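Student: I would like to go through the strand pairing in this structure. Where should we begin?

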Amino acid sequence: MQPECRDDHDSFAFHRLSWLHFDQLACGNVDPSSVRLLRDAERSRRLLLLRALVDEVVKMPELTGPFSSPEAAWELLARVEARSSATFNLLLAHPYTGSWSGYTTRLVHSNITGVCPLWMHVGHLHAIAAAAAIRARLNFEISVPLWNGNAILPSLGLVNLPTAQQHAVAKVVGENGQFEVSNGIDRVRLPSPLDQDAPGWWSIRRATATTGGRRLALWLDDVDPYRGLYGPVPPQRLDPDEVGTWRCLLEDAWQLIVRHLPKLARAIPVGLDSLVPAPSVPFRNPSASSGEAFGSALVARPTDAASLAATLIHEFQHIVLGGVLHLTRLYDDDPRERFYVPWRDDPRPLNRVLQGIYAFFGVTAFWRALARAGEPAVGRRAAFEFAYWRGQTWRVLGALREDASLTSSGRRFINGIAAQLGPWQSEPLPADTIELAEAMGADHHAGWRIRHLRPDPVMVAELTTAWLAGRSRPPVMHTTMVGSAPTPVPDGSWSSARVDLIRLAIDTDRRTMRKVWSTMPGATVADLAYATGQVEEAIRQYSAELRTDPDRPASWTGLGIALARTGERLASGALLHHPELVRAVYRSIRASGSPSPGPVDLAAWIGRAAH
Amino acid sequence: MTTFSTDPDPGIESELIDLSTVPFALLRDLDGATLHGALRHVVERTGQVRITSRSSGSSGGERID
C-alpha cells in the first residue's frame, strides 16, 4: 500500500493492497511486509473509529457520565504521541483498542447500553490514554472506569480497589515516574517495574519464545475486559503454575513453527500480539478470534506443543484474512447459514466458511510440513492430520468456489488457496491413514446431515409404505435426496467423542485407550470398539444403542462408518450419504405401530435405491 | 491535489484513508468529503459485524468479522 491521492477536492491517500501482495496472502505466502501493510491499514482504521466515536460523544455529553469530555483523553494521547510515537502506536495497535472501539461504536450508534452503562464503555478511552501516559512516563491526572472494583490499564495490568459500586471511576495520577490509582477509599501505587504483581495490581504477563533467531513475544492477557469475542468480560486470573505451563508450551510450539515453517515464522510475530488463555477442554483445542481485535486470539490451553502450534497458525491466518477484509470485500453480505464445514457442528454462513478455509489451509500446511519432515514429536499424528485437513478443507473450498456471493476478489482469493491446496491432495500418505481420515470426514458429514437436513416427507411416506408392504426394493426416488437447505436447528445432539477417540488411538496403545475412554464425555462402548479396530463389535454395539435410543445421530453414523470398514456398501452408503432419510423412515415405521426394522436391514434396503 | 499512479500493479484501493502522516493532535481538525466518507465507512462496517450465538457443539471455535 502506498499513499496516493484521489481526484478529489481534499487530498487524502487511500490504503492499497497490490495484487502481488493479495495473491501472496491468498496462497499462504505470508511475509512480514504483507502483514505490516495490513497493520498500517488497521492503524488508520482505528484512528478513524476514534475520531468518529469522539465526534459522536462530544455531541451527546450525557454519554460521558461522570467522566470529563473525551477530549481530555484525546489531548493526553496527543501528548503521548508527542513524547513517544512508538508508545502511542503500541496502544493504538493493541488488540483490545480495536475490539473496544468497534463494540462501543456499535453501542453509541445503536443508542443502546452494553454489558456496563454506556458511559463506562465510552470512558475506556481514558483508560487507554492513562496506560499510554504511564508508558510514556508523563505527568498527568485522568479518571478511568472502575468495573466491580477493577480498573484496566490496557497492555499493562489491572488495579483492584475496594468499592461497593459495580460501576464507578478511579483516578490515575502520574508524577515524576510514580503512578497511583485511587478511588477515595483506597489507593494502589503501581510497582516498578510494572510487569510484577503487587498488592492491588495484576500485571499482564508476557510469554516470550526465541529459537533459531526468531522471537515471538506475546501478552498472556487474562484481565483486559475487551479481550473477549462478544463484549466485556471480567478478569480470569491464571495461577502462576498455569502461566508456567503456557510459557513452556509456547516455547515448544514456537520451535516447531520455526523449524518446519520458517517463512511463516518471520510473519507471525508481526501479526500476533496477545493470547487470551482459556481453561483447557479435555481432548479438544478450541480457539476463537475477532476481526476487530487484530493481533489477538483466545486459546484454550492445549495438552501439547504441536496442538498449540497448529492453533497459533490457525488464528494467525484468521488475523491476516481479517486484515484483508478491512481493505476489500471478498463477498456480498449473505447471512444464510447454508454450508457444511467439518470444523463445526452447525451450518455456517459464507463469510465464516471462507475464514475457516483460510485458517485450516494454514493448519494443513503445518501438519504437511511435520509429516514430510517425519517430526518425531508427533509420529503418525502429523500424517493423519495432514490427510484429514487437506481433504476436508478441499471439500469445503469446492463448495464455496463457484458461489455467487463471492466477489471477483473473493474468487481470486479462493483460487489462490486452491492453487496450493489442490496439489497437496495427491501427495502420498499411508493408505490406512488416508482411510481413517476419510472415515472421520464421512462420519462428521453424515452427523451434520442427519441433524440439519430434513428429508422430503413425501419420499419418507413412500418408502415407509413400500417397506411395510414387504417390497424387496424401495421405490424409485423422484426427488433428490441432497437438495434441501440445511436448518440451523439440529434434530438431535452430536457427540465428538468418537472423533476424539479415533485421534487418541493414533498414537495410544489399546490398553491405555481402555483406561481413558470412560473419562471422555459422551464416549460409548461402541465408539471404543470402532476406535480400536473392533469393527464387528462396533456394529453390534451401535445397533444396540439404536434399539435403546433410535433417534441418536451418532449411533446411526457410527453404524455407517463401521459397516463401511467391513466393505459393506448398501447400508453404509445410505447411512453415510442419506442418514437423515434412513432415520426418518425408521421413525415413520415405528410410528405406524409396526415392528421396528433392524437398522442395518432398513439402511441396506434404502441403499438399493441409491445404487 | 491530483496525482496519477504509474504503478503497473495498482491493486485494490480500499476505503480507508491513510492517516500515517497525520499527527493525532490534528486528527480532529481534519475535514472534507473524503474524510467523512471514510468515517462513515468504518462506522458502518462495525455495524456489519455479526454476533451470533455460539455453537452448541463442543467442536466450535469462533470467528467474528
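Student: This is a predicted model. Which residue is the bridge partner of A:Arg205 in strand 10 of chain A?

Tutor: Strand 9 of chain A, residues 205-211, contains A:Arg205. Strands 9 and 10 of chain A run antiparallel and are joined by seven bridges. In strand 10 of chain A, the partner of A:Arg205 is A:Leu220.

Student: Do strands 10 and 11 of chain A pair in the parallel or the antiparallel sense?

Tutor: Strand 10 of chain A covers residues 214-220, and two bridges connect this strand to strand 11 of chain A. A:Trp219 stands opposite A:Ser274 of strand 11. The sense of this pairing is parallel.

Student: Over how many bridges do strand 11 and strand 13 of chain A pair?

Tutor: Strand 13 of chain A spans residues 296-300 and is parallel to strand 11 of chain A. A:Ser274 faces A:Ser296 of strand 13 across this pairing. The number of bridges is five.

Student: How many residues of strand 11 of chain A are buried?

Tutor: Strand 11 of chain A runs over residues 274-278 and is mostly covered. In the order of the open sheet, this strand stands between strands 10 and 13 of chain A. Of its five residues, the buried ones number four.

Student: Which are the edge strands of the open sheet?

Tutor: The sheet has six strands in the order 9(A)-10(A)-11(A)-13(A)-12(A)-2(B), with mixed pairing. From one strand to the next the twist averages 20°. An edge strand pairs on one side only, and this holds for strand 9 of chain A and strand 2 (62-64) of chain B.

Methods: Residues numbered from 1 in each chain as written. Chains lettered and ligands numbered in written order. Predicted model: local features only at pLDDT ≥ 70, side-chain atom pairs only at ≥ 80, totals over all residues. Buried ≥ 20, exposed ≤ 12 C-beta atoms within 10 Å, placed from the backbone. Pairing = 2+ DSSP bridges. Axes fitted to C-alpha atoms, helices over the stretch in contact; angles between N-to-C directions.
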